[in-house]
Amino acid sequence: MNRIDWAILIITLTSIIVYGIYKSRTTKNLEGYFLSNRSLPWYLVLLSIMGTQASAITFLTGPGQAYSDGMRFVQYYFGLPLAMIVISIFFVPVFSKLKVFTAYEFLEHRFDVKTRTFTSALFLLSRGLSTGVSIFAPSLVLSSLMGWNIYYTNLVMGGLLIIYTISGGAKAVAHTQKLQMIIVFVALFITGYLAVKLLPDAVGFTDALKVGGQNGKMNIITTGFNKDGFDWKDKYNIWSGLIGGFFLALSYFGTDHSQVGRYLTAKNITESRKGLLINGLVKVPMQFFILLIGILIFSFYQYNKGPVYFDNTTLQQAKQTVKRDSLILLEDQYATAFAKKDMAAANGIRKTFKGVMERALPDQKPNDTNYIFLWFVKENLPVGLIGLIFAIIFLAAWGSIAAALNSLAACSVIDFHKKFFVKKGTEIEEYKISQWYTLGWGVFSIIISMFAYNIGNSLIEAVNIIGSLFYGVILGVFLVAFWLKFVKGNAVFYAAVISELLVIVIYKLDVISFLWLNVIGAVLVFVLSCLIHPFVKEKAL
């Protein structure tokens, strides 16, 4: 990047931080730090919900996901609008009536302490791991820009995020996410426009979509069926999206405190519901557009020569192995095929190249999906816009990770510290200990980010896999709480523990797509609770 891009990047980020600190003036107690004194209007709740979900991973690897695998990832969100309706009807009134700080407090009211503690612990584990992967995304940008070691950039990015989150609490998160989402949408629209503008004169938007369709990228709806019947290992299809995606969204927005904490900040039930329902309306079109940018970038590289592999750092490592000659030969073949405009051959060589990379670096599971959008921005966008695009990646990261750290600290303080250690302290003491827990989870997330480099999957997929390992069981506990009034604490606790172990076993066996784990986990808890209930003794309330 040149000086203008650096100036735009620094000015944008500095302005957001200053604005967040200015708007974060709040009461220095738990309700102020974690819930903004329950004072926010619906539009801030909406933008906070969207900003928490739409992390840097969404914007950084979403287009790359579409470039590599087509549009079918959008089906993952098809169950979300229905989930927003269910949450608005059943979840929001309960949380609002009880005036809970965390979603898991409700479980103690309904069941007992151990069920609350176990469910909250599952959340802390899943969200802590996911936040570590989310820190890796902006680190990827810094590493690419500066040529820094990715581990050092994780430390830099994580450190900045910790300072940013500790200083402001929930109110800073909500107000900065408002500006972040506005800047994000403007920059993405400009990027999409330029991706079409940079195509040859005779090629327009419709032509770009046709090119994507001819290469199997416009696979918006897929059924998951093949000649052998339904493929349960197919990751994204209409059924896994509607059913598995519904259960995942229901758990994420209804029981994951990183999201529940966003709408608990609302003034009242109506404002919470507005934020959730409008999120249900706009999320699918938003994700569709982000993926569509990936299709436009794919079409761009059918007319403009790009690299055969977009992660140059890993490529150079692979060239230090015995596969060096094979990689160089394939690069030459790719260049020849592109010069002849034989794009079928060029795309085939790219697939072969990725296979050789995997054999060259088997321990790293190389995958350049996360680098495609980044490469396009660096090499093709005009001066000034490059800095703005990189700024939105940082902004999206800061918004989502700050909300996650805030929610992790909230559950640690409310569900564990105040429950088991120091049950009563002064307001300022509780405020200070909340900041220390935020610091602790920030350090934990940085440590996890150090292992994300070799994660193999696209980052957006990796985060959803982590969530799916735990979300179904967490959701199942809440569904039992709402709809099986005869089931008490011991039964649901044992059912949840057994179900979580079974979900992990099923995932390790690799017999089904990860989205279905959300359905399996919830159904297991629901059914096992009913089966176990007659055989366990319950304490009288």
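In this predicted model, Cys530 is partly exposed, with a relative accessible area of 28%. Cys411, by contrast, is buried, and its relative accessible area is 0%. A search of the whole structure for disulfides returns 0.

Helix 5 (residues 80-98) packs against helix 12 (residues 269-303), and the two axes come within 9 Å. The axes cross at roughly 165 degrees; because angles over 145 degrees count as roughly antiparallel, helix 5 and helix 12 are roughly antiparallel to each other. The crossing of helix 5 past helix 12 is right-handed. On the helix 5 side, the residues in contact include Leu80, Pro81, Met84, Ile85, Val92, Pro93 and Ser96. Their counterparts in helix 12 include Ile269, Ser272, Arg273, Leu276, Asn279, Gly280 and Lys283.

Helix 5 also packs with helix 10 (residues 238-255), at an angle of about 35 degrees and with the axes 9 Å apart. This crossing of helix 5 and helix 10 is right-handed. Among the helix 5 residues that meet helix 10 are Leu82, Ala83, Val86, Phe91 and Phe95, while helix 10 contributes Phe246, Ala249, Leu250, Phe253, Gly254 and Thr255. Leu80, Met84 and Ile87 of helix 5 are listed in the contacts with helix 12 and also in those with helix 10.

Helix 18 (residues 427-449) has 23 residues, so at 1.5 Å a residue a span of 33 Å is expected. The C-alpha atoms at its ends are 33 Å apart, in agreement with that value. Buried residues of helix 18 include Glu430, Tyr431, Gln435, Trp441, Gly442, Ile446 and Ile448.

Terms used. Residues are numbered from 1 along each chain as its sequence is written. This is a predicted model: local features need pLDDT of at least 70, side-chain atom pairs count only at pLDDT 80 or more; totals for chains, interfaces and linings use all residues. Side-chain values use heavy atoms; hydrogens and water are left out. Helices (H or I, at least four residues) and strands (E, at least two) are DSSP runs, numbered from the N terminus. The expected span of a helix is 1.5 Å times one less than its number of residues. Buried means under 20% relative accessible area, exposed over 50%, partly exposed in between (1.4 Å probe, protein chains only). A disulfide is a pair of cysteine sulfur atoms within 2.5 Å. Axes are lines fitted to C-alpha atoms, for helices over the stretch in contact, and angles run from 0 to 180 degrees between N-to-C directions. Angles under 35 degrees count as roughly parallel, over 145 as roughly antiparallel, 65 to 115 as roughly perpendicular and the rest as oblique. A crossing is left-handed if the near helix is turned anticlockwise from the far one by less than a right angle, and right-handed if clockwise. Contact means heavy atoms within 4.5 Å.
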